[in-house]
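Student: Could you take me closely through a single part of this model, the open sheet of chain B, and show what is packed around it? I would like one connected account.

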Amino acid sequence: MIWLGGIIVGAALLALAVWLYILRQGDAHFEFVVDRRTPFALTELTTQRAVFTSRVPFVNNGTQDGTIMDAFTRHHLPCEQFDGVEVASRLHLETAVRDDGYFESVIFYKGTGSAVVVTVILTAKNGDIQATLQDMVDMPVDIMYQIVARSEWYIHKTRMVMTSEEIQQALAAGISKGQG
Amino acid sequence: MSAVELKPVRTRIVTPQNNIVDVIEQYAKDDVEPGDVVCVAESVVAITQGRLTRPEDLTVCFLARILNRFIPQAGSMSSVYGMQAVMDVEGKWRVLWAMLVGALAKLVGKDGVFYQMAGRQAALVDDVTGTMPPFDKHIVYGPSNASQVAEEIRQRLGCFGAAVTDVNDLKRALVVGITPGVDGPTLCRILIDNPFGNASQKTPIVIIKNYAATAGEAAK
């Protein structure tokens with residue numbers, strides 16, 4: 001029976017060692033730093049629609065490399081709150097500009113990061129965007145991102161708010177060529 | 001005598017609805033001569049064979065959650081889904097045994113034993129990001145019957161030979177399937193600088209011009 005006990009203790013010690021190894025190894029962890037995003041800037045303006053962009057940095061501050069499999073925006077402007085505009089939003093990686101809303105999976109090594117450019121397109125339902133936006137309200141925009149690394153994939157979201165104040169400031173400043 | 005020349009061929013995005021031999025004929029036929037060797041990227045062949053899956057469609061077992069932790073991060077099997085994908089094809093107990101023996105072999109200074117024992121898919125599987133959109137969110141297995149595919153390409157295009165290859169930017173070239181008469185190591189040397197380009201360049205075919213007259217002779 002001593003040998004059986006030895007096997008059980010050995011297996012338990014091996015399991016403990018593996019568990020500690022995994023615990024120490026950790027995993028990737030992505031953070032979209034919305035507190036450090038740039039204010040929305042106006043990048044296009046017509047009679048009917050206005051396009052705004054904001055740069056949002058992110059970092060993989062975990063202990064392992066990780067993959068952003070997908071990332072996209074989800075804006076929240078219910079008609080009960082404000083019915084003056086139709087909203088469309090998308091994002092792209094700052095280093096991989098594209099306008100199709102597709103996000104190509106990309107690996108970020110631990111300790112590295114980049115930025116996404118969030119684009120919000122507001123189209124006036126009455127045809128006059130500048131007049132309509134005078135009454136625009138604050139609009140939450142969630143950045144949704146799917147991560148896969150050592151562990152199973154998950155989808156997380158980070159909220160930013162496009163404020164009516166920054167919309168007014170962007171309109172007053174005119175078209176910016178800095179982002180896009 | 002003309003020197004060996006590499007000619008990458010751009011195609012549209014190839015999908016599981018395509019036949020790889022038809023695609024090569026459509027895009028490369030006019031450039032292929034009897035002394036040439038036509039090479040095609042293995043991941044593209046695998047895609048046309050439907051040998052791909054999404055991580056979301058895999059059921060991850062306990063063993064995959066543990067073993068992937070022992071694969072260096074650059075490897076496709078370092079992700080739990082890359083590991084599970086290989087286990088689904090090669091068998092999880094085979095992968096476990098390969099890892100145990102591979103670990104022991106490493107202790108005595110012998111590398112690569114795990115990949116030799118874990119099965120062909122351990123070396124060929126591409127994790128997410130490994131291929132171009134829209135397959136960047138897929139795990140792509142290695143192709144099946146690669147030498148048979150190469151032979152079909154050779155016969156259809158009337159060229160000297162054909163090969164299915166796995167080449168990357170890390171100076172790694174592997175012949176997955178090849179027709180008789182074409183020398184694998186010579187092919188790897190010719191392709192080592194990855195003329196296929198990175199995934200988004202959409203050049204999954206490379207024609208090695210004048211192979212029969214030059215490289216083929218050199219290999220003899």
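Tutor: Before the helices are placed on the sheet, one convention is needed: axes are lines fitted to C-alpha atoms, and angles run from 0 to 180 degrees between N-to-C directions. The model is predicted, and what follows should be read with that in mind.

The sheet of chain B is an open one of five strands in the order β1-β7-β2-β5-β6, with mixed pairing. Its edges are held by β1 (5–9) and β6 (172–178) of chain B, each of which has a single partner strand, so one side of each is left without a neighbour in the sheet. From one strand to the next the twist averages 30°. Within this order, strand β2 (residues 37–41) of chain B and strand β7 (residues 205–209) of chain B run antiparallel and are joined by four bridges; in this part of the sheet, Val37(B) stands opposite Ile208(B) of β7(B).

Two helices can now be laid over these strands. Helix α9 (residues 184–191) of chain B lies across β2, β5, β6 and β7 of chain B and runs at about 135° to β6(B). Helix α8(B), for its part, lies across β2, β5 (161–168) and β6 of chain B, at about 130° to β5(B).

Helix α8 (residues 146–157) of chain B also has a helical partner, since it packs with helix α1 (residues 20–28) of chain B at an angle of about 35°, the two axes being 10 Å apart, and the crossing of α1(B) and α8(B) is right-handed. From α1(B) the contact takes Ile20(B), Val21(B), Ile24(B) and Glu25(B), while α8(B) brings Val149(B), Glu152(B), Ile153(B), Arg156(B) and Leu157(B). Sorted by character, the residues of this contact between α1(B) and α8(B) comprise six nonpolar and three charged, with no polar ones.

The setting of the sheet is the chain as a whole, which has ten helices and seven strands. Chain B has a radius of gyration of 18 Å, close to the 17 Å that the globule rule gives for 220 residues, so chain B is as compact as a globular protein of that length. Along its principal axes the C-alpha trace of chain B spans about 55 × 40 × 25 Å, and 45% of the 220 residues of chain B count as buried. Among the contacts in chain B with a separation of 6 or more, 67% are between residues 24 or more positions apart.

Terms used. Residues are numbered from 1 along each chain as its sequence is written. Chains are lettered from A and ligands numbered from 1 in the order in which they are written. This is a predicted model: local features need pLDDT of at least 70, side-chain atom pairs count only at pLDDT 80 or more; totals for chains, interfaces and linings use all residues. The radius of gyration is taken over C-alpha atoms; the globule rule is 2.2 Å times the number of residues to the power 0.38. A residue is buried if 20 or more other C-beta atoms lie within 10 Å of its own, exposed if 12 or fewer, and partly exposed in between; C-beta atoms are placed from the backbone. Two residues are in contact if their C-beta atoms, placed from the backbone, lie within 7 Å. A crossing is left-handed if the near helix is turned anticlockwise from the far one by less than a right angle, and right-handed if clockwise. Ala, Val, Leu, Ile, Met, Phe, Trp, Tyr, Cys and Pro count as nonpolar, Asp, Glu, Lys and Arg as charged, and the others, Gly among them, as polar. Two strands pair if DSSP finds at least two bridges between them.
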